[in-house]
Amino acid sequence: MTSAETAERTAAPFPSAEPTPAGSEWWRTAVIYQIYPRSFADASGDGIGDLPGITAHLDDLQSLGIDAIWLSPFQRSPQKDAGYDVSDYCDVDPLFGTLGDFDDMLAAAHARGIRVIVDLVPNHSSDQHEWFQQALASAPGSAERARYMFRDGKGEHGELPPNNWESVFGGPAWTRVVEADGTSGQWYLHLFDSSQPDFDWSNEEVREEFRRVLRFWLDRGVDGFRVDVAHGLVKAEGLPDYIPNPEAGSMGGEDENVPYWGQDAVHEVYRDWRKILEEYPGDRALAAEAWLPTAERTAEWVRPDEMHQAFNFPYLQTEWDAADLRAVIDLSLRAFPGVGAPSTWVLSNHDVVRHATRLALTAENPQGHGIGPDSPGQPIPEVGLARARAATTLMLALPGSAYLYQGEELGLPEVIDIPGEARQDPTWFRTNGERYGRDGCRVPLPWNADAPAYGFNDSGASWLPQPAEWARLARDAQAGVPGSTLELYRTLLAERRARGLGAGSLEWLDGYGVDAVAFRNGNVTVVANTGSEPAALPSGIVIASSGPVTDVVPADTAVWVVDQV
Ligand code: GLC
């Protein structure tokens, strides 16, 4: 059976695919839960999570109270960058199952009212992609090479890279190839690992291929795409030299005018894709992974004819500091609605130190570098967890859409002591261990305190080692336990939904002190205390609290209070 026939047989669009009035589309207020398939649940027992594992746990996600899931890549891939190196965009990697397993998962999610967004990786493919293999076998200047960024080297014999760009994962962003006749030849650009060659987006053939890929998944019934490196596809004319600011983080978040991030012409690509999504019923959505210095810059990705959402990384990168949080929230609530888009909010994902650890770090930690046992500024775990719970309590009261990353509902910390020989992130290898990379936030989830691999599978295998302390963080150890992080998330999600906070609006409140973020959204008063002294507790009934409250809001605590009636 061809892929197209399979799609026809099983396409399962979201049940209510009726057009929604503009302004009330689902993605404007949705809480979207990121699944990192390798680490979510492993039905096959090979130590790597898979699609049947996801299907088996959809009831847990439904009872958590989320609206949608986003799946990091499960497409065919040699897994050099954990699936962000795709060799076939229209197939499932056997590690994760089959297209049939995907269809089953999608139908089961939709049957539970859960939308499904899939990852799309358009900046680069795997070096094992058929096109790149053809490019290697073809001559310089050929149509096959023109799909990627091949250039002649500098120097007398082309022995120097075409420019000085560095890979996001460390080391040079160019690799020299051996031509068919055995001589050293051209260089190709890879902003990430050498196994991830960048496409040339000025080539119409590349554009057409991605239209086909979008349609392939839209035809199957997906509700949208999270677009990987959505600020990177187009490179500045002439590929001018550039040295990144070391503080800016791997993805360039705090840097302006980078010749490979945020080039104007990238927006044409998304205008084109928006039109394709609009051919389909049911409010399909595009979400940009675009690391830009400010919320205003990020909002350029969600202008009315472009994408629907953009991850609010300026918010994620804000420290646990009331003044900074008020400022970034304020700016976000002007910037995104200013272009007709919802604000999004996010605290964790598979590329950053988990917020239960990050918010207690006491030294600079640029995004992507990760932490290990000898990193400066080690966190106090209890402080990190208290702040993470408070930060989430604050975030889920904000109007707009929020993203959660698997395991944060259990209060999982970053795993700091993964032995070097177990690490897998290309960052670790490309920097000779100077940067730890992102494995610490990718450790497989604990489901059952007493089962092998904490119930990640039945075999006990795990592609990254799980810490011994995780038994007490397992989902079954928290379910039904008042005050557990899991029950806090359930309460927050249920109240957020019941009170329509996602569609609400924010009114700042004074009188809670400089160290408090205090506002009203609908009939809920929110106070988050980032300081070390207690803040005043609003009068009314406390419906959610990130930690114990008496007659004050203690340090590192956030509350939701409703008026007494
Ligand atoms: C994105 C992904 C990250 C990946 C990179 C290259 O930033 O989130 O995990 O390594 O792109 O695809």
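Biologist: What makes the pair formed by a polar side-chain atom of His350 and an oxygen atom of the ligand a polar contact?

Modeller: Happy to explain, with the reminder that this is a predicted model. The polar side-chain atom of His350 lies 2.8 Å from the ligand oxygen, and the cut-off for such a pair of N or O atoms is 3.5 Å, so the pair counts as a polar contact. Asp351 has a polar side-chain atom 2.4 Å from an oxygen atom of the ligand, and for Asp81 the distance from a side-chain N or O atom to a ligand oxygen is 2.6 Å.

Biologist: How much of the ligand's accessible area does the protein cover?

Modeller: On its own the ligand has 300 Å² of accessible area, and the protein covers 100% of that. The ligand sits in the largest cavity.

Biologist: Which residues are closest, and what classes make up the shell?

Modeller: Of the 15 residues surrounding the ligand, the closest are Asp81, Asp228, Glu289, His350 and Asp351. By class, the shell holds seven charged, five nonpolar and three polar residues.

Biologist: Why is the pairing of Asp228 and Arg226 called a salt bridge?

Modeller: Their side chains meet at 2.7 Å, N to O, and the limit is 4 Å between an Arg nitrogen and an Asp carboxyl oxygen, so the name applies. Both residues, Asp228 and Arg226, are buried. Arg226 also meets Glu289 in a salt bridge, at 3.4 Å from N to O.

Biologist: How many salt bridges does that rule give?

Modeller: The count comes to 35.

Key. Residues numbered from 1 in each chain as written. Predicted model: local features only at pLDDT ≥ 70, side-chain atom pairs only at ≥ 80, totals over all residues. Heavy atoms only, no water. Near = heavy atom within 4 Å. Polar contact = N/O pair within 3.5 Å; in protein donor to acceptor, adjacent residues only side chain to side chain. Areas by Shrake-Rupley, 256 points an atom, 1.4 Å probe, with all protein chains shown as cover. 1 Å grid on protein atoms, 1.4 Å probe; cavity = no way out; pocket = protein on both sides within 12 Å on 5 of 7 lines; lining within 4 Å. Sits in = over half its atoms within 2 Å of the grid points. Nonpolar A, V, L, I, M, F, W, Y, C, P; charged D, E, K, R; others polar. Buried < 20%, exposed > 50% of the residue type's maximum accessible area, 1.4 Å probe, protein only.
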